[in-house]
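Colleague: I have some short questions about a structure. Could you show it to me before we start?

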Amino acid sequence: MSNTIIPRLSWWQRLTAEFTRSPVSVMLNITAMLVLVLIAIPIVQWALIDAVWTGDSGDSCPPGSGACWAFIGSKLRLILFGRFPYDDQWRSLVGTVILVALVVISLNPIFWRKWLLPAWVAGLLSYGILMWGGVFGLSYVESSLWGGLPLTILLTVFGVAFGLVISVPLALGRQSKLPVFRLFSIVFVEAVRGVPLISVLFMASVLLPLILPDGFTPDGLGRVLIGLTLFLAAYMAEVLRGGLQAIPKGQYEACRSLGIAYWPMMLKVILPQAFETVLPAMVNLFIGALKGTSLVVIVAMMDLLGAAQAALADPKWIGFYVETYVFAGIIYALMCGSISWYGRQTERSLRDMREQSNDR
Amino acid sequence: MKSGPTYQDVPGGVRLARLFAQREFQSQALFVIIVVVLVWGAIQVASENLAESSGKSGFAFLWQKAAFELGESLIPYSAGDTYFMAFVVGVLNTLKVAALGIVLSTFVGLIIALGQLSKSVVIARLCRGYVEVVRNVPLLLQLLFWHTFLLRGLPTVRQALSPVEGVYFTNRGLYLLSPVAEPSFWVVMLALLGGIALAVGLRIWHRKTNAEFTLWPWGLSIAILPAIAAIYFAGAPISWDIPHLSGFNFKGGLTITPEFTAMLLGLSLYTGAFNAEIIRAGILGVPKGQVEAGFSLGLHPGQVMRKIVLPQALRIIIPPISNSYLNLTKESSLGVAIGYPEVVRVANITLAETSQSLECVSIIMLIYLILSLITSMILNLMNARTSREER
Amino acid sequence: MIRSSIFAATVALCMGTGGIANAADLLDEIQERGELVCGTLNYIAGVGFIDDKGEWSGFDVDFCKAAGAAILGDAKKVKFVALTGAQKFPALQSGEIDILSRSVTETISRDTTLGFSFIGPNHMTGQGFMVHKDTGVTDVKQLDGASVCVLAGTTTERYLADWFKANGMSFQPVAAENSDQMYSMYFDKRCDAVTMEPPYLAIRRARAASPDDHVILETLIAKSFEAPVIREGSPKFFKVLQWMHYGMITAEELGITQANVDEVAKTSKDPVVLRFLGVEGTIGADMGVKNDWMVNVIKTVGNYGEFYNNTLGKNSHLQVPRGLNALWRDGGAMVAPGWQ
């Protein structure tokens with residue numbers, strides 16, 4: 001079972017071996033190495049050797065010097081936390097750490113236990129208190145000031161969470177025998193998947209206030225979150241449908257013969273299995289959502305990318321675009337990379353779990 | 001909870017009465033009512049909000065004059081044309097970047113996929129690293145990076161970099177010489193067509209009579225000789241429009257703006273990373289027994305590749321890659337962030353000018369829905385063709 | 001049970017919205033709500049800006065603070081909403097914001113077809129160009145064939161196209177989504193000229209790496225009178241804001257400043273001043289605000305001169321001269337009808 005990975009290159013290796021005799025292969029390796037070195041030297045030179053690490057204005061990075069990390073250093077908190085009140089940024093940090101911890105735990109089926117729900121409730125409560133404040137002597141911070149990395153993570157986590165909730169009825173609706181639900185699900189899912197995220201965000205930010213009665217209109221953050229949620233829900237419903245189809249018919253029949261009704265059957269038997277099957281695809285969607293949140297810049301929100309752009313507007317430091325984009329890029333790449341690593345980890349532990357239970 | 005008897009079980013006369021009593025019917029009817037009421041409510045609120053500010057609505061604004069210029073266009077357009085024309089320009093620009101992006105991202109994907117499967121560990125690692133990095137950084141960030149890179153990395157117009165005569169790299173775009181049809185162009189074309197017709201005739205005659213001579217030298221000369229004669233008598237069919245610096249900018253030739261280049265680079269490199277994974281999975285998905293069987297039948301490696309590996313790999317590749325192409329088309333909407341005049345950008349400006357937000361957002365959605373439908377139709381056709389090759 | 005209550009709620013929601021159509025004047029609504037919502041921009045210091053600590057400031061922002069002081073008696077009861085160029089009008093139309101104070105240029109088409117009412121104008125300027133000195137351009141007429149950076153979806157974009165057309169000249173538009181992007185493209189020489197109102201051009205030139213390499217051309221191709229905007233249909237709200245604007249000018253005429261307003265109210269014998277500050281008469285109460293509303297306004301942002309100088313003018317880091325925005329008696333164009 002675990003050694004399926006080894007033979008997967010072999011036919012290809014056989015084919016390339018037919019094409020390339022060993023001297024050619026050696027040449028190839030050497031050329032590739034050379035190219036790598038040729039690319040790496042100027043990058044290392046720019047990013048490390050010639051880089052400027054300290055300074056408090058653009059003057060400390062004269063033209064011709066390498067990367068100006070001093071700029072990132074002096075703007076670090078603006079880029080990471082946006083316009084969250086300076087002295088209270090620890091709240092935003094702690095809240096986000098709690099949120100991330102909850103997600104990390106929930107992504108792993110090992111932790112799908114009874115205590116998870118109360119843990120979420122407690123976590124969300126403390127998250128809300130930390131972010132909004134207004135109680136326990138914490139000053140009130142309105143949501144329009146939330147920004148930077150915490151906003152990116154907030155949009156991703158809640159977009160995915162609410163999206164998941166909505167995707168379940170959508171996926172079930174698409175498989176339903178009742179034509180109204182089926183039609184609605186198909187139209188919704190296909191329409192949303194057919195348009196770009198940016199147009200959905202645009203609709204949420206421009207049209208929602210127009211079509212909702214006064215007083216019911218959510219603020220900027222809420223609107224973006226609604227748009228993101230609906231968008232993700234459509235994709236998740238499609239992934240979940242795949243998982244539902246993979247479940248053998250016998251399961252349904254067994255439930256029916258045991259006299260289990262539709263909803264208990266779905267919630268207790270079918271959906272948990274479906275979610276387990278589609279976990280890798282869901283992890284990919286999670287990564288897509290994280291990257292997708294960067295588009296909120298276009299509707300005047302200040303997420304990580306937006307805050308990075310705001311940092312660029314400081315007249316004391318002009319023109320350190322490459323440093324800023326590289327820094328933001330590294331943060332995104334690290335986050336996405338660790339999510340996919342964690343996803344693979346989870347998959348493996350799931351497989352082991354299943355094998356153990358099969359052995360028993 | 002037992003569900004009531006189903007629709008089909010009931011005899012005809014009682015059907016309607018029973019229908020209304022069914023849980024299924026009730027829940028569906030209720031759902032329809034809620035949706036209708038919500039939509040109706042939304043329309044009411046929107047019309048009230050708009051009436052309150054007496055804003056105009058409807059699509060009549062499409063025929064009004066648009067007061068903005070668009071940086072680049074495949075068809076003649078200038079400020080003073082209608083908003084409708086502006087949208088056409090936007091759609092064409094979207095299609096342009098999407099079409100080229102699809103081709104380029106496939107190449108990128110193929111190269112990276114082959115690189116990942118290469119026996120050379122260095123190349124394989126390099127390509128793997130490319131995929132891991134590029135896939136995990138938001139496309140918007142990459143587009144902004146490439147745009148800034150092109151603007152700051154390339155010289156200004158006055159210090160244009162010119163590797164060969166007639167090609168100029170500047171931060172305002174890449175200027176290339178472009179062919180221009182001369183009056184004799186059509187004469188030469190006609191002569192060429194005539195020549196080809198003659199050659200085809202010759203081939204048919206050759207087939208029929210089984211004449212004893214090699215066909216291709218004769219056919220080729222018959223095909224191109226009239227054209228050469230036409231060029232000799234009527235003059236060169238095309239001339240080159242060479243860009244030259246005049247005033248502020250290069251005039252003439254073909255201009256490729258940095259916005260377009262940044263879009264194309266960003267979209268192709270980003271989607272290329274995804275395509276690489278798809279193509280790799282496709283190649284690895286071919287069972288190795290097939291290849292071994294091919295070799296044992298005495299086929300060349302080339303034949304194995306062409307006749308055994310590729311057709312099967314394509315069947316695995318096409319469905320996911322068509323999805324990836326659709327994504328690329330949708331993601332071209334990010335051009336709005338760097339000023340590439342694609343359709344979302346046109347809608348954005350139009351919205352700011354006319355403030356007809358409902359209409360502009362629905363136009364964007366409609367256009368992308370149509371594009372998605374057309375693309376998936378084409379790809380379904382292609383998919384059907386490749387799957388039919390399997391017996 | 002649950003179903004029927006959902007349905008009832010839905011219906012109630014829709015019924016409830018029916019009432020909004022014949023809503024009262026926005027002035028009453030704002031006072032009832034106790035909060036004024038102001039749409040503005042958050043990235044240009046001196047105009048509309050949130051600093052690292054979340055503090056809003058600038059010319060457009062201060063107008064809303066003054067309006068908050070006039071209507072609610074407290075500038076802190078103003079909520080600011082940052083809007084992009086494309087969002088600004090839909091936000092106003094939908095009722096999401098009460099005032100749009102975002103350097104909006106007043107034009108006939110915006111005034112008559114969008115269903116808006118403009119207040120003021122409170123900032124008078126024009127549309128000009130800044131060019132790279134090494135292009136040798138000294139006059140706008142020499143810009144034929146140039147690449148011009150322009151902010152997408154603004155009146156500058158419209159005027160630019162109109163002006164080149166009227167003069168039989170051509171140009172290459174390079175449109176940007178926001179002004180930071182526009183200026184960085186200009187400084188990278190993606191375009192030869194950038195078009196904007198000269199005060200803003202001056203702000204950017206002052207910040208440039210070498211300001212002397214850039215010339216702001218003298219000729220203006222269009223006038224640009226910027227004004228706060230509200231939705232039509234709230235005459236009381238409109239009157240309060242319009243007269244608040246006039247009041248700030250009148251205060252400058254009368255020599256009433258942020259520093260001396262309390263003093264003047266106590267000691268002045270001038271009936272005009274006393275009426276103006278609400279010590280005598282009921283001008284304020286008749287309009288639906290407090291009688292001493294102008295005192296609150298002046299305490300918050302000062303008279304028009306202070307308001308301008310503290311944000312854009314000589315007391316700010318931007319140092320934009322007043323020009324047309326000086327009082328009429330000083331050769332400017334800022335006028336206010338009499339306070340009788």
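Colleague: Which residue stands opposite B:Leu176?
Modeller: This is a predicted model, where local features need pLDDT of at least 70, side-chain atom pairs count only at pLDDT 80 or more, and totals for chains, interfaces and linings use all residues. Residues are numbered from 1 along each chain as its sequence is written, while chains are lettered from A and ligands numbered from 1 in the order in which they are written. Look in β7(B) for the partner of B:Leu176. The residue there is B:Leu254.

Colleague: Over how many bridges do β2 and β7(B) pair?
Modeller: Strands are DSSP runs of E, at least two residues, and helices are runs of H or I, at least four, numbered from the N terminus. Two strands pair if DSSP finds at least two bridges between them. Strand β2 of chain B (residues 173-176) and β7(B) pair in the antiparallel sense, and the bridges number three.

Colleague: What is the order of the strands in the open sheet?
Modeller: The sheet has three strands with antiparallel pairing. Its edge strands, β1 (168-170) and β7 (254-256) of chain B, each pair on one side only. The order in chain B is β1-β2-β7.

Colleague: How many helices does chain A have?
Modeller: Chain A has zero strands. Read along the sequence, its pattern is α-α-α-α-α-α-α-α-α-α-α-α-α-α. The number of helices is 14.

Colleague: How many residues does chain A give to the contact with chain B?
Modeller: Two residues are in contact if their C-beta atoms, placed from the backbone, lie within 7 Å. Chain B gives 47 residues. Chain A gives 49.
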